[in-house]
Amino acid sequence: MVRSMTKICYLVGTAGSGKTMLTSSLQRYLITKGASLTTINLDPAVKYVPYQADVDIRDYIDFDQLIDEYKLGPNGAMIAAADLVADYINEIREDIEELGESSSLVLVDTPGQMELFTYRKSSIKVIESFSRDTSLLLFLFDSALIVDISGFLSINLLAMSVQIRLDIPILHIITKTDLLKRHQIETVLSWREDPYEAIEELYGLTREFSLQTGQMIEGMGQVPLIPISALSGEGLELLGAQISRIFEAGEDWSI
Ligand SMILES: Nc1nc2c(ncn2[C@@H]2O[C@H](COP(=O)(O)OP(=O)(O)OP(=O)(O)O)[C@@H](O)[C@H]2O)c(=O)[nH]1
Ligand SMILES: [Mg+2]
């Protein structure tokens with residue numbers, strides 16, 4: 001049996017936001033900290049995975065064959081593949097089971113197009129087949145998309161949408177911080193506390209909606225926003241500590 005206390009982190013974010021690379025660096029970081037870790041690739045269309053995928057959906061779903069067999073375009077094939085994932089949940093559970101003790105923490109790298117994991121019913125089945133109580137979303141804010149206020153508010157809305165849809169605890173992560181200047185990171189973090197000064201510069205309906213979004217951001221309360229560079233490793237320690245805190249496992253990853 002997959003242990004009922006198996007803790008699962010789903011990495012979710014817009015296309016190219018850094019899910020795969022963060023999975024890779026987080027895997028390396030947590031293993032050095034003594035975590036007993038399993039890493040799952042749930043993206044059937046990915047060609048190259050830069051980490052050791054202990055469980056891989058590509059062992060069950062052949063993306064190119066789906067395209068050929070059903071004469072699908074790339075998006076149609078992605079939808080078909082995303083829906084098929086739920087059919088293989090028992091196999092995935094068995095794969096994790098076979099890994100035995102190394103399955104107390106599981107990282108799940110989700111498909112490139114975020115809406116496939118977030119909004120299709122198969123993902124809900126995947127989450128429920130483990131346990132909501134021991135699941136955590138790591139929602140990635142691509143740093144390239146949030147350096148202006150409208151981008152920042154839009155991605156916050158997306159994060160809220162994902163949380164509403166999947167209904168599990170969430171951590172927010174700014175990715176690729178090595179590409180930002182320090183003052184840009186500080187500005188983005190300050191918008192989380194108070195976005196209103198920046199919103200004042202907007203006009204019309206955009207300003208109205210942005211003000212309402214600002215109120216929703218205030219309502220998110222204590223959800224941490226953690227700046228991370230998967231490239232340099234900056235922020236991984238803080239992320240590890242936050243994951244640990246959420247799962248109430250303290251700092252001892254071998255538990
Ligand atoms: N500079 C820098 N580049 C990064 C970082 N993380 C990811 N990238 C780059 O961003 C691009 C996308 O990264 P991925 O990890 O593939 O992103 P993804 O969200 O898995 O992408 P899809 O699965 O295709 O949606 C790649 O070119 C990475 O090299 C980072 O921390 N710093
Ligand atoms: Mg990826």
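This briefing walks through a ligand site, the nonpolar cores and a few individual residues of one protein chain. The model is predicted, so keep that in mind as you turn the structure around. A good place to start is ligand 1, which is surrounded by 15 residues. From there we move to the largest nonpolar core, which has 52 residues, and then to some helices and loops.

**Around ligand 1**

- Among the 15 residues surrounding ligand 1, the closest are Gly 16, Lys 19, Thr 20, Met 21 and Asp 178.
- By type, the shell around the ligand is made of 5 nonpolar, 6 polar and 4 charged residues.
- Look for the oxygen atoms of ligand 1: one lies 2.8 Å from a polar side-chain atom of Thr 20.
- The backbone takes part too, with an N or O atom of Met 21 lying 2.8 Å from a ligand oxygen and one of Gly 18 lying 3.0 Å from a ligand oxygen.
- On its own, ligand 1 has 640 Å² of accessible area, and the protein covers 69% of that.

**The nonpolar cores**

- Within the 52-residue core, the members that touch the most others are Tyr 10, Phe 139 and Phe 152.
- Helix H7, which spans residues 149–166, gives the most to this core, with 8 residues.
- Tyr 10 is a nice one to select on screen: leaving out residues up to four places away in sequence, its contacts include Val 108, Phe 117, Ile 127, Phe 130, Leu 138 and Ile 168.
- Apart from this core lies another one of 22 residues, including Leu 26, Ala 35, Leu 105 and Leu 136.

**Thr 14, a buried loop residue**

- Thr 14 sits in the loop that links strand S1 (7–13) to helix H1 (19–32).
- Is Thr 14 buried or exposed? Its relative accessible area is 16%, so Thr 14 counts as buried, the cut-off being under 20%.
- Beyond residues up to four places away in sequence, Thr 14 touches Lys 19, Gly 112, Met 114, Leu 140, Asp 142, Leu 145, Ile 155 and Leu 158.

**Helix H11**

- Helix H11 runs over residues 236–246, and its buried residues include Leu 236, Leu 239, Gly 240 and Ile 243.
- Which elements cover the buried residues of H11? Among them are S1, H1 and the strands S5 (135–142), S6 (170–175) and S7 (225–227).
- Just after H11 comes Glu 248, with a positive phi of about 55°.

**Phe 63 in helix H2**

- Phe 63 belongs to helix H2, residues 63–70, and is buried at a relative accessible area of 12%.
- Setting aside neighbours within four places in sequence, Phe 63 is in contact with Pro 44, Ala 45, Pro 74, Ala 77, Met 78 and Ala 81.
- Phe 63 and Gly 240 are 177 residues apart along the chain, and their C-alpha atoms are separated by 33 Å.

**Two loop residues with positive phi**

- As background, most residues other than glycine have a negative phi.
- Lys 71 has a positive phi near 50° and lies in the loop between H2 and helix H3 (74–85).
- With a relative accessibility of 70%, Lys 71 counts as exposed.
- Asp 167 is not a glycine either, yet its phi is positive at about 55°.
- You will find Asp 167 in the loop between H7 and S6, where it is exposed with a relative accessible area of 54%.

Methods: Residues numbered from 1 in each chain as written. Chains lettered and ligands numbered in written order. Predicted model: local features only at pLDDT ≥ 70, side-chain atom pairs only at ≥ 80, totals over all residues. Heavy atoms only, no water. Near = heavy atom within 4 Å. Polar contact = N/O pair within 3.5 Å; in protein donor to acceptor, adjacent residues only side chain to side chain. Areas by Shrake-Rupley, 256 points an atom, 1.4 Å probe, with all protein chains shown as cover. Nonpolar A, V, L, I, M, F, W, Y, C, P; charged D, E, K, R; others polar. Core = buried A, V, L, I, M, F, W, Y, C linked by side-chain atoms within 4.5 Å. Buried < 20%, exposed > 50% of the residue type's maximum accessible area, 1.4 Å probe, protein only. Helix = DSSP H or I, 4+ residues; strand = E, 2+ residues; numbered from the N terminus. Contact = heavy atoms within 4.5 Å.
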